[in-house]
Amino acid sequence: MSLPVDCLFCQFVNGTLETEIVGQNQRAIAFRDINPQAPLHVLVIPREHFADVATLAAADPAALADVVELAQEVAMDEADGEYRLIFNSGPEAGQSVFHVHGHVLGGTRLGWTPA
Ligand code: 5GP
Ligand code: ZN
């Protein structure tokens with residue numbers, strides 16, 4: 001796991017690096033994925049650093065609730081509230097950034113071919 005000081009997404013939260021933020025609430029922010037896989041592809045993350053969604057759920061359920069609420073808001077704004085919310089957990093599942101993030105995907109009819 002990256003230390004928060006080296007973490008790309010922590011740098012988006014604290015403003016050290018710029019990104020296109022499309023929504024935020026008390027404990028979470030949302031920004032566009034740099035390599036979109038659907039017309040809507042936004043990442044929702046807690047402001048605080050946790051490696052994965054299970055760690056976040058155990059440590060700060062209110063922050064996880066804010067992440068999910070923000071995903072819903074972005075999808076309501078940009079995809080009529082119909083979307084997929086994915087948390088890759090571990091390298092084998094495709095996780096490459098170890099600051100928990102939900103992928104909010106939508107804006108078209110989505111396929112289903114993860115393997
Ligand atoms: P993971 O593979 O960990 O589930 O998802 C990481 C996501 O972060 C990828 O979809 C990738 O495109 C996105 N990403 C990686 N680097 C950056 C960046 O510098 N800015 C933004 N906005 N997204 C990034
Ligand atoms: Zn982080």
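**Note on the ligand, the zinc site and one loop residue**

1. In this predicted model, a polar side-chain atom of aspartate 33 lies 2.5 Å from an oxygen atom of ligand 1. Two backbone contacts involve nitrogen instead: a polar backbone atom of arginine 32 is 2.8 Å from a nitrogen atom of ligand 1, and a polar backbone atom of isoleucine 34 is 3.3 Å from a nitrogen atom of ligand 1.

2. Taken alone, ligand 1 exposes 520 Å², of which the protein buries 80%. There are 17 residues around ligand 1, and those that come nearest are Arg32, Asp33, Gly94, Ser96 and His103.

3. The zinc ion (ligand 2) has four protein donors, namely Cys7 (SG), Cys10 (SG), His49 (ND1) and His99 (ND1), which lie 2.1 to 2.3 Å from the metal. The arrangement is tetrahedral because the angles subtended by the four donor atoms run from 106 to 118°; for comparison, the ideal angle for four tetrahedral donors is 109.5 degrees.

4. Along the sequence, the donor residues of the zinc ion (ligand 2) follow the spacing C-x2-C-x38-H-x49-H. Cysteine 10, in helix α1 (residues 8-14), and histidine 49, in the loop between β3 (40-46) and α2 (53-59), are 39 residues apart, so that this pair links distant parts of the chain. Both cysteine 10 and histidine 49 are buried.

5. A separate point concerns aspartate 80, which has a positive phi of about 55° although this residue is not a glycine. Aspartate 80 is placed in the loop between α3 (61-79) and β4 (83-86), and it counts as exposed because its relative accessibility is 71%, where the cut-off for exposed is over 50%.

Methods
Residues are numbered from 1 along each chain as its sequence is written. Chains are lettered from A and ligands numbered from 1 in the order in which they are written. This is a predicted model: local features need pLDDT of at least 70, side-chain atom pairs count only at pLDDT 80 or more; totals for chains, interfaces and linings use all residues. Side-chain values use heavy atoms; hydrogens and water are left out. Helices (H or I, at least four residues) and strands (E, at least two) are DSSP runs, numbered from the N terminus. Buried means under 20% relative accessible area, exposed over 50%, partly exposed in between (1.4 Å probe, protein chains only). Donors are N, O and S atoms within 2.8 Å of the metal (3.2 Å for Na, K and Ca); water is not among the atoms, so sites may look incomplete. Four donors count as tetrahedral if all angles lie between 85 and 135 degrees; four count as square planar and six as octahedral if opposite donors are over 155 degrees apart and all others between 65 and 115; anything else is irregular. A residue is near a molecule or strand if one of its heavy atoms lies within 4 Å of it. A polar contact is a pair of N or O atoms within 3.5 Å; within protein, one must be able to donate a hydrogen and the other to accept it, and residues adjacent in sequence count only if both atoms are side-chain atoms. Accessible areas come from the Shrake-Rupley method with a 1.4 Å probe; for residues, only the protein chains shown count as cover.
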